[in-house]
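The exercises below concern one protein chain, and each is followed by a solution that goes step by step. Please look through the sequence and the structure before starting.

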Amino acid sequence: MDNILIVDDNHAICQALALMIELHGYDAIYCHSPDDAIDIVSNKEICLVIQDMNFSRDTTSGEEGKQLFYALRQLQPNLPIILMTAWTQLETAVELVKAGAADYMGKPWDDAKLLTSIANLLSIYRLSQQNNQLSRVHSDRMSAINGAELCGLVFASGAMQRCVDLALQVARSDVSVMITGFNGAGKDKIADILQANSPLKDKPFIKVNIGALPMDLLEAELFGAEAGAFTGANKTRVGRFEAADGGTLFLDEIGNLPLSGQVKLLRVLQTGEFERLGSHQTRKVNVRVISATNADLADDIANGRFREDLFYRLNVIELSVPPLKQRQDDILPLVTHFMGEQFIINKSTQQALINHCWSGNVRELENACKRAALLAKSAQLTIDDFGLNTLPASQIEVGASHNNLSPSFSTPPVEQQDNAPLINEPDKQQIEAALTQHNGVIARVAKSFGLSRQALYRRMDKFGIRDAKS
């Protein structure tokens, strides 16, 4: 409830104003002297003051009212104050309005006008208080990241601010962190921030993109291999875990790790122990693991494609990176970051950029900015310079995210090679038939379906199909 203070030496006026104010839903407090008014404002939450200008029966100068007004402004600079007097002096009114008085009324007052003024002033006061609170929160957040290494991350949204706040808090520990979010949203930047602000910042930081490694070489990449462990292994290979010993290993696209690799990864996380391929010598490392995925691991666990015990080892803390569509305040700062200050983007183009779906997230925005900078005919850019194509809603909405982000921004679920034809998702029988037709040559089978070799291996693993050549 809004508390309104009435200050007048006339008891009848105080009672009349208080009654009118309370009948319209406000709480009224009244007193009869400047000293009492100052005491009340100092000790109670007052949202508005209605004050008289004269408190001695033998004066009409308004000096007492001026002194009270300035005293109240010193206590609360934003407190709305309505000045009221039967002896209206223009010079005094002008002076105090310039000094911040919200309104100046003569006696007898107009009830409707006074109530309208009260309602308007309280509305403005509430907005001012909310803005002050938001400013304090923003200031506190910015002071919390002052001095932190943000690795070039550009953001202005509250959603990204919360993600960064948590990342900086988690960075100081050595627990495993899983970063989730759509492709292109900035998961790798969050991983960089975790490392740069951790006690391990001067130690090795090894990054592995699981999805980019050939499936048959993945375990050798992670855990190393002795010479002769497999065809083409002519010398001993040090794995990524050994390279990251004492530091941090970032496993991107962790959902693509096959079950055999998941078993070994779980063991390393539990004990720090592993063996290189082709070796029986147990090695021990101390590595902090940060992982990232855009996959629905809950669904993968339910369908037996991802181990639940490994998920909980990796996901001690989850950092969810929101898609760019949910961080609209980041869009224009990112455009400026990617393009510099030499281009002019009018309001309509800015709004179009903000309203675009950005299914490819920050990566798509960066590419659009590069295109605009390269092809622009002048410094004045239009939306056509960015070459944005609106995808059909049916394509944008395929697949919901694991972290309940809006499904309208998910990426298409079928991997496709460059220049490969659109395909239908192959089932187990189709894959087995293609393997027979192409004599088990994985590259040919993958090409026939328009898939990468890694994508085909994942489907074979899903259906329990063994490589005919293995």
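**Exercise 1.** Establish how confident the predictor is in this model, and find where its confidence is low.

Solution. The model is predicted, with a mean pLDDT of 84 for the protein and 87% of its residues reaching 70 or more. Turning to the elements, strand E6 (residues 177-180) has the highest mean pLDDT, 97, whereas helix H16 (residues 393-396) has the lowest, 38. Finally, pLDDT stays under 50 over residues 390-422, although the model has 65 contacts beyond four places in sequence for this stretch.

**Exercise 2.** Locate Asp52 and decide whether Asp52 is buried or exposed.

Solution. Begin with the record: UniProt, in an unreviewed entry, places the feature "modified residue: 4-aspartylphosphate" at Asp52. In the model, Asp52 lies in strand E3 (residues 48-52). Its relative accessible area is 5%, and because buried means under 20%, Asp52 counts as buried. Leaving aside residues up to four places away in sequence, Asp52 touches Val7, Asp8, Asp9, Gly65, Met84, Thr85 and Lys107.

**Exercise 3.** Describe the largest nonpolar core, and state which residues touch the most other members.

Solution. The core has 40 residues, of which Leu222, Phe241, Leu251, Ile254, Leu265, Leu314 and Met460 touch the most other members. Among the elements that give two or more residues to this core are strand E8 (248-252), helix H10 (259-271) and helix H19 (453-463). As a last step, take Leu251: beyond four places in sequence, Leu251 touches Val208, Ile210, Leu222, Leu265, Val289, Ile290, Ser291 and Ala292.

Notes:
Residues are numbered from 1 along each chain as its sequence is written. This is a predicted model: local features need pLDDT of at least 70, side-chain atom pairs count only at pLDDT 80 or more; totals for chains, interfaces and linings use all residues. Side-chain values use heavy atoms; hydrogens and water are left out. pLDDT is the predictor's confidence in each residue, from 0 to 100. Helices (H or I, at least four residues) and strands (E, at least two) are DSSP runs, numbered from the N terminus. Contact means heavy atoms within 4.5 Å. UniProt positions are given in the numbering used here, feature names are shortened, and annotations may be inferred rather than shown by experiment. Buried means under 20% relative accessible area, exposed over 50%, partly exposed in between (1.4 Å probe, protein chains only). A nonpolar core is a set of buried Ala, Val, Leu, Ile, Met, Phe, Trp, Tyr and Cys residues joined through side-chain atoms within 4.5 Å.
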